Amino acid sequence: NSRIHLQFNITQFGRKDRLMVVHDITRLKQLEQMRKDFVANVSHELRTPLTVVSGYVETMASVSDQLPPRWGRMLAQMSEQSARMEALIKDLLMLSRLETTQQEQPQAVAIEPLLASIAADARALSHERGHNIHLSIDCPAQLLGYADELRSAFSNLVFNAVKYTPDGGRVELSWYCNDDGAFFAVRDNGTGIEAHHLPRLTERFYRADPSRNKATGGTGLGLAIVKHVLLRNNGELLIESEPGEGSCFTCHFGPERLLGCQPHEHETVPQEQAS
Ligand code: ADP
């Protein structure tokens, strides 16, 4: 389109003097838009052929007992890799949607049922790994925002905590409010992250330890999604971590996004232990 984008940088010198530099960033914005469109189109176009391939792999896997063992192993690999590609495409499309779609009016999102269902999903995910997943809600408020986006961001943080915490470890989810607003903290006693990685974790495809993360099978896009969701929901992400001790990822929302917040003493949602 024919919109012109200008960026103003103002620098103050001493008391009176100011220097204003105006940059024409129209071309930069156009290139950025082309990149977004390209990623969205490619992801969309890849979905259909991949669904067909996965369908055939599944059909062949269903008769794998009639195939030579070597074929069974190859099919298992193909199935794993197509699942990985599907996850990548799903995350890329989600990121594109977050970057390009206009926002509607935010809705009041009830926090308690949302977090309870995410905790239940996490317990199901950790079923065989025996994590102790604990949820506490200090103020069962409503948050002005977009329910699907918030679910996706919170789930990403919780599933990461399970992924990067050894079997039987502890994952604590807590929602609390104070004068600064509302907080959703996901604390684990897992692998932790070296300090020098922290500023880059929300970049697309950035992974703190690629060799270790290969085994966990993530896409490297989860925290980029979290960052974009929080931007759209007027929130911010705070990360603390200690290698070997664990990590804490906290989403912070300003008080203006909170409805019906009446903090009370640690109400704890009963924990259903993974059997
Ligand atoms: P991935 O799909 O690799 O998990 P994310 O964007 O969700 O991608 O996370 C980026 C990187 O941050 C991960 O690869 C991992 O190195 C690190 N990370 C995220 N969450 C945790 C956590 N709870 N504990 C340790 N490392 C984490």
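Contact here means heavy atoms within 4.5 Å. Keep that in mind as you click around this predicted model.

**Stop 1: a covered helix**

Start by selecting α6, residues 222-232. Is this helix mostly covered or not? Mostly covered: 9 of its 11 residues are buried. Colour G222, L223, A224, I225, V226, H228, V229, L230 and R232 to see the buried ones. Now show what surrounds them: the cover over the buried residues of α6 includes α2, α4, β8 (235-242) and β9. Before you leave, step just past the end of the helix to N234, which takes a positive phi of about 55°.

**Stop 2: the largest nonpolar core**

Nonpolar side chains in soluble globular proteins tend to be buried together. In this model, the largest nonpolar core has 47 residues. Which members touch the most others? Select F154, L173, W175 and F184. Then bring up the elements that each supply at least two residues of this core: α2 (69-100), α3 (111-125), β4 (132-137), α4 (147-163), β6 (170-178), β7 (181-188), α6 and β9 (246-253). The largest share, 7 residues, comes from α4.

Zoom in on F184 for a moment. Leaving aside residues up to four places away in sequence, F184 touches L115, F154, V158, L173, S174, W175, F249, T250 and C251. You'll recognise F154, L173 and W175 from the list you just selected.

**Stop 3: the largest pocket**

Switch to a surface view and look for the largest pocket, with a volume of about 980 Å³. To find its centre, select N156, F159, N160, K163 and G222, which lie nearest to that point among the 42 lining residues. G222 is also one of the buried residues of α6.

Which element gives the most to the lining? It's α4 again, with 11 residues. The elements that each supply at least two lining residues are α2, α4, α5 (210-216), α6 and β9. Try colouring the lining by class: you should get 16 nonpolar, 15 polar and 11 charged residues.

**Stop 4: a three-stranded sheet**

Finish with an open sheet of 3 strands, in the order β3-β5-β10, with antiparallel pairing. Select β3 (107-110) and β10 (258-259), the edge strands, each of which pairs on one side only. Next add β5, residues 142-145, which pairs with β3 over 4 bridges in the antiparallel sense. For a last close-up, show V109 and, opposite it in β5, L143.

How values were computed: Residues numbered from 1 in each chain as written. Predicted model: local features only at pLDDT ≥ 70, side-chain atom pairs only at ≥ 80, totals over all residues. Heavy atoms only, no water. Core = buried A, V, L, I, M, F, W, Y, C linked by side-chain atoms within 4.5 Å. Buried < 20%, exposed > 50% of the residue type's maximum accessible area, 1.4 Å probe, protein only. 1 Å grid on protein atoms, 1.4 Å probe; cavity = no way out; pocket = protein on both sides within 12 Å on 5 of 7 lines; lining within 4 Å. Points joined across faces, edges and corners; volume = space filled by probe spheres on them. Nonpolar A, V, L, I, M, F, W, Y, C, P; charged D, E, K, R; others polar. Pairing = 2+ DSSP bridges.
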